[in-house]
Amino acid sequence: MNLKCVIIDDEPLAIKVIENHISQIKELQIAAVFNNAIDSMEYLREHMPDLLFLDVNMPIIDGFSFLDSLDEKPMVIITSAHAEHAAKGFDQEVLDYLVKPISLPRFIKAVNKALAKVKEQPKRDTVNDHIFVKVDKKKMKKIYLDEIILVESLKDYIKIITPKGNHIVHKTLSAFTEELSSDRFIRIHRSHTVSMDKIDALEGNSVEIGGKRYVIGRSYLDDVKAKILNQSIIGTGNKAGLSDDE
């Protein structure tokens with residue numbers, strides 16, 4: 001298990017400490033580092049990390065306001081010099097709140113929460129061809145995988161689209177995609193994961209499903225085209241131009 005991590009902190013020394021701590025834990029991998037939240041926005045739109053280490057007091061926009069602005073949130077560990085913000089952090093469902101200076105044992109304790117949460121995420125049963133999703137507080141709905149056309153991100157929720165109707169589920173697109181078979185489903189954009197056998201055509205930087213076109217995000221383009229073509233979903237008579245346009 002390798003968790004991709006992003007660090008956002010305006011203090012170089014604090015960044016160095018977190019980087020050093022991460023280097024001590026084999027399950028963690030640094031994906032990107034930013035010294036303010038604004039600079040991270042474009043990256044996070046296309047590359048959702050597994051774990052975000054986020055400072056609170058930063059220029060331009062503070063950590064909590066930045067967190068509120070995200071359509072889709074990874075697991076978050078707050079890193080701050082101010083203990084008084086802890087209650088607000090947990091109100092926003094962060095995994096943990098680390099007060100600087102951060103010791104390695106305390107850091108490991110916080111990371112263990114992230115690792116435990118990942119292990120708790122249900123995986124698809126390889127024997128059964130369906131999943132159960134919680135559609136309200138008391139109801140679990142069975143959805144057959146071969147009926148899923150695509151899954152759309154709605155901030156902290158997703159919309160699962162099937163021929164029989166749509167289902168709104170309180171879960172991020174990243175978390176739900178991880179539960180699906182990578183042989184059958186592929187994320188094409190920060191807003192969409194699609195069933196590969198429902199793709200009717202691939203042209204340039206988009207796929208066609210049921211007469212509608214869905215843009216492939218720039219960072220997903222190469223992987224999507226390689227996987228679709230390797231699966232032989234697209235016949236030789238269809239267009240599969242390698243456009244650089246998004």
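## Exercises on two sheets, a pocket and a serine

Five strands make up an open sheet with parallel pairing, ordered β2-β1-β3-β4-β5. At its edges stand β2 (28-34) and β5 (96-99), each of which pairs on one side only. From one strand to the next, the twist averages 20 degrees. The model is predicted: local features need pLDDT of at least 70, side-chain atom pairs count only at pLDDT 80 or more, and totals for chains, interfaces and linings use all residues. Residues are numbered from 1 along each chain as its sequence is written, and side-chain values use heavy atoms, with hydrogens and water left out.

**Exercise 1. Find how β1 is joined to β3, and name the bridge partner of valine 6 in β3.**

Step 1: Locate the strands, which are DSSP runs of E of at least two residues, numbered from the N terminus. β1 covers residues 3-8 and β3 covers residues 51-55.

Step 2: Check the pairing, for which DSSP must find at least two bridges between two strands. Here β1 and β3 run parallel and are joined by four bridges.

Step 3: Pick out the partner. Valine 6 has leucine 52 as its bridge partner in β3.

**Exercise 2. Trace the open sheet that holds β8, strand by strand, and say what stands at its edges.**

Step 1: Write down the order. The five strands run β10-β9-β8-β12-β11, with antiparallel pairing. The edges are β10 (165-169) and β11 (185-189); each has a single partner strand, so one side of each is left without a neighbour in the sheet. The twist here averages 20 degrees from one strand to the next.

Step 2: Start from β10. Five bridges join β10 to the antiparallel strand β9 (residues 157-162), and lysine 159 has isoleucine 168 in β10 as its bridge partner.

Step 3: Move on to β8 (residues 150-154), which pairs with β9 in the antiparallel sense over five bridges. In the hairpin of β8 and β9, two residues lie between the strands, and lysine 155 takes a positive phi near 60 degrees.

Step 4: Look at both partners of valine 151. In β9 its bridge partner is isoleucine 160, while in β12 valine 151 stands opposite threonine 193. β8 and β12 (residues 192-195) pair in the antiparallel sense over three bridges.

**Exercise 3. Describe the second largest pocket and explain why it lies between the domains.**

Step 1: Fix the term. On a 1 Å grid over the protein atoms alone, a pocket is an open set of points where a 1.4 Å probe fits, with protein on both sides within 12 Å along at least five of seven lines; lining residues have an atom within 4 Å of a point. This pocket has a volume of about 280 Å³.

Step 2: Inspect the lining. Of its 15 residues, Arg45, Leu70, Asp71, Glu72 and Arg190 lie nearest the centre. The classes are six nonpolar, three polar and six charged residues. α2 gives the largest share, three residues.

Step 3: Compare domains. Domain 1 (1-118) and domain 2 (128-229) both contribute lining residues, so the pocket lies between them.

**Exercise 4. Place serine 219: buried, partly exposed or exposed?**

Step 1: Find the loop. Serine 219 sits between β15 (212-215) and α7 (221-230).

Step 2: Read its exposure. With a relative accessible area of 31%, serine 219 is partly exposed, the range between buried (under 20%) and exposed (over 50%), using a 1.4 Å probe and protein chains only.

Step 3: Relate it to arginine 45. C-alpha to C-alpha, serine 219 and arginine 45 are 10.0 Å apart in space, although 174 residues apart in sequence.

Technical notes: Points joined across faces, edges and corners; volume = space filled by probe spheres on them. Nonpolar A, V, L, I, M, F, W, Y, C, P; charged D, E, K, R; others polar. Domains from an automatic or database assignment. Axes fitted to C-alpha atoms, helices over the stretch in contact; angles between N-to-C directions.
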